[in-house]
Amino acid sequence: MSTYTICYFSKAKEGITQAEVEAIFKKTYTNNTLKDIKGILLYMLGDFFQVLEGDKDDLENIYEIIKNDERHHTIFEIINKPTLNEVFKTYKSDFNIVRTDAQIKEIKQYLRSAKHNTTAEKIDRLLEPFFLLP
């Protein structure tokens, strides 16, 4: 099994409802946890941010589904590469859906404790806009 990381931002479709966002969270959590994929998914003010870590073939299949999902658009890929040291391997036992400021702070503290990992540093910087929101 080759370990891999995919990270991206995307824009939610105009008029997305809270129920649609919750459906995305539920399906993402279930599918990723079943495949032992680690990472995080955030949604704030019309933007999605996701980090996926796991088996390359699984991630590529999931990413194709993500890219064709009409509930979001303008996908900006940040990371798509093999990973020597998974950032989220020891964070939680399941894929993590981030819903609160406290969870964002917890993730940032975790990422800063993994500062030896350059991918963790990059993800920490990318989370900054979410951290600064009121």
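In this predicted model, the side chain of Asp55 reaches the backbone nitrogen of Asp58 at 3.1 Å. A second backbone nitrogen, that of Asp57, lies 3.2 Å from a polar atom of the Asp55 side chain. Asp55 itself belongs to strand S3. The residue is buried, yet it has no salt bridge. Lys35 offers the nearest side chain of opposite charge, at 8.4 Å. A salt bridge requires a side-chain nitrogen of Lys or Arg within 4 Å of a carboxyl oxygen, so Lys35 does not qualify as a partner of Asp55.

Strand S3 spans residues 47-55 and pairs with strand S2. The two strands run antiparallel and are joined by 7 bridges. Within this pairing, Ile40 stands opposite Val51 of S3. The hairpin of S2 and S3 has 2 residues between the strands. In this hairpin, Leu45 takes a positive phi near 50°.

Strand S2 also pairs with strand S5, which covers residues 96-98. Here the sense is parallel, and the pairing extends over 3 bridges. Leu42 of this pairing stands opposite Val98 in S5. S2 is thus joined to S3 in the antiparallel sense and to S5 in the parallel sense.

The burial of S2 was also examined. The strand comprises residues 38-44, and 6 of its 7 residues are buried. S2 is therefore largely enclosed by the rest of the structure. In a regular strand, side chains alternate between the two faces of the sheet.

Notes. Residues numbered from 1 in each chain as written. Predicted model: local features only at pLDDT ≥ 70, side-chain atom pairs only at ≥ 80, totals over all residues. Heavy atoms only, no water. Buried < 20%, exposed > 50% of the residue type's maximum accessible area, 1.4 Å probe, protein only. Helix = DSSP H or I, 4+ residues; strand = E, 2+ residues; numbered from the N terminus. Pairing = 2+ DSSP bridges. Lys, Arg positive; Asp, Glu negative; His and termini not counted. Polar contact = N/O pair within 3.5 Å; in protein donor to acceptor, adjacent residues only side chain to side chain.
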